[in-house]
Amino acid sequence: MAQTFPLQTLLELMQNRTDEASRKLGQLITAEQSQRSRLQMLEQYRDEYAQRMREATAEGITRLILRNYQDFLARIDEAIEQQRQAVQNSE
């Protein structure tokens, strides 16, 4: 029968807590990376949509169509701001 030293139980408890903390940290890092990826995707989409608006404007569009572009860009900007907040929170 193997002998255990007096602090063996404490050592095992601390090892379990360390393992759990490491696992939780890994999950948090993954979540933060996911938040950053979503933000980057939204910013890229906004840039592409703004470019389409500039091209359409150069070709000549009605005020209504221009207003639709601007409204949609405003909604994308709101989503970007919310995602930036999510990234900050995950940091």
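A salt bridge is taken here as a side-chain nitrogen of Lys or Arg within 4 Å of a carboxyl oxygen of Asp or Glu. The model is predicted, so that local features need pLDDT of at least 70 and side-chain atom pairs count only at pLDDT 80 or more, whereas totals for chains, interfaces and linings use all residues. Residues are numbered from 1 along each chain as its sequence is written, and side-chain values use heavy atoms, with hydrogens and water left out.

By the salt-bridge rule the count comes to 6, and the table lists three of these pairs.

| Pair | Closest N to O distance |
|---|---|
| Asp 77 and Arg 46 | 2.4 Å |
| Glu 32 and Arg 36 | 3.0 Å |
| Arg 36 and Glu 91 | 2.4 Å |

Asp 77 and Arg 46 form a salt bridge, and this pair links distant parts of the chain, with Asp 77 in helix H2 and Arg 46 in helix H1, 31 residues apart; helices are DSSP runs of H or I with at least four residues, numbered from the N terminus. Salt bridges that share partners join Glu 32, Arg 36 and Glu 91 into one network. Within it, Glu 32 and Arg 36 are 4 residues apart in helix H1 (residues 8-59), which means a separation of about one helical turn.

Accessibility is classed by relative accessible area (buried under 20%, exposed over 50%, partly exposed in between, with a 1.4 Å probe and protein chains only). Asp 77 is partly exposed at 32%, as is Arg 46 at 24%. In the network, Glu 32 is partly exposed at 21%, while Glu 91 is exposed at 57%. Arg 36 is partly exposed at 39%; because Arg 36 lies in helix H1 and Glu 91 in the segment after helix H2 (63-90), their pair ties together parts that are 55 residues apart in sequence.

Key:
Helix = DSSP H or I, 4+ residues; strand = E, 2+ residues; numbered from the N terminus.
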